[in-house]
Amino acid sequence: MGKICKIGIALGGGGARGLAHLGVLCVLEREGIAIDLLGGTSMGALVAGMYALSPRCDLIIERFRRYLNSKEFKKAYPEFLRPTILKSLKGYEGIFHRFATFIKKGIFYSQSLTGRAAISEENFSQNINLLLDDVDIEQTQIPLAVIALDLNSAEEVILQKGSLRKAVSASCAIPGILPPVRIDNRELVDGGWVDRVPVHVVREMGADLVIGVDVAEGLEDVEDLSTGLGLVLRTNEISRLTLTQWQLREADLVIAPEVSTIHWSDFGQVDECLRAGEQAAREKLGEIKNLGEKEENKEDFGSPFPGAPLFLINRG
């Protein structure tokens, strides 16, 4: 007797690289692999929220493209994160490259000293409103969990009810770039600081098979360990990567699109991200189906339709 297999997807943070999540979801959708549960952190929370509300990849991609061409997006995008600035920095070599990089960081640090965030709360809300409808999380078609970090208690916060816009805003609130979001007397920011790919959350939601999608860039080549700032930045990268790798061990399968060459703030490479996500998902399709069949064949619970590939039934 087969077991009904619930598939859960955990989408990780990664800024613009998170657009690769849509490529992964597109492949699963085309293959008829139904997603029963969704969890997301940061950019993964935004994509998960949009898909959970309306599971149609083509419509979500179209909405993202409209948003990235909107005046609201262009107005909110900080000057020091614009692709033209980033590309010019990449052209420097040796000491000039390091000097330019620290200038860029210096602009960010100086702005952080004069205000809570580079993007105002008003602009932040206007941008989120263009991407998400004004509904509660309980109204999504696919059950959803959004991850944030409480600055006061240092606790991971799992949001599964209340305003979808507010929950996603909290999960996306990169410290210093976007303002913290207050929910139930908590000051919430980007959940990626404690749970970049929320595999355990999706498991606790009831998933039998959990697929983690990791779009983190990994460790960059060592550029400069001769300064205190360089050492701090390097050790912070190592700490976050180690935590992510440890948490991903709980996943039944990990999909890792190759997006390491795309800067987290460069939203001008939508097609490249989509292709990377699609390619990574296609490479894992055989493993996904095999894992689903193994779950179905467990005899813990009976199925009303013995032998039916229930994990492939699309809500359609």
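How many bridges join strand S3 to strand S6, and in which direction do the two strands run relative to each other? In this predicted model, 3 bridges join S3 to S6 (residues 186-190), and the two strands run antiparallel. The points below begin with S3 and its partners and then turn to helix H7.

**Strand S3 and its surroundings**
- Strand S3 spans residues 144-150, and because 7 of its 7 residues are buried, the strand is largely enclosed by the rest of the structure.
- Leu-144, Val-146, Ala-148 and Asp-150 point one way from S3, while Ala-145, Ile-147 and Leu-149 point the other way, and all of these residues are buried.

**Pairing of S3 with other strands**
- Strand S2 (residues 37-41) runs parallel to S3 and is joined to it by 4 bridges, with Val-146 of S3 serving as the bridge partner of Gly-40.
- Strand S4 (residues 156-159) runs antiparallel to S3, again with 4 bridges, and Glu-156 in S4 is the bridge partner of Leu-149.
- The hairpin formed by S3 and S4 has 5 residues between the strands, and in this hairpin Ala-154 takes a positive phi near 65°.
- On the S6 side, the bridge partner of Asp-150 is Leu-188.

**Helix H7**
- In helix H7 (residues 121-131), the buried residues are Asn-123, Phe-124, Asn-127, Ile-128 and Leu-131.
- These buried residues cover an arc of only 130° around the axis, which puts them on the same side of H7.
- An α-helix has 3.6 residues a turn, so residues three or four places apart point the same way.
- Glu-121 and Glu-122, by contrast, are exposed on the other side of H7.

How values were computed
Residues are numbered from 1 along each chain as its sequence is written. This is a predicted model: local features need pLDDT of at least 70, side-chain atom pairs count only at pLDDT 80 or more; totals for chains, interfaces and linings use all residues. Side-chain values use heavy atoms; hydrogens and water are left out. Buried means under 20% relative accessible area, exposed over 50%, partly exposed in between (1.4 Å probe, protein chains only). Two strands pair if DSSP finds at least two bridges between them. The arc is that of the directions from the helix axis to the C-beta atoms.
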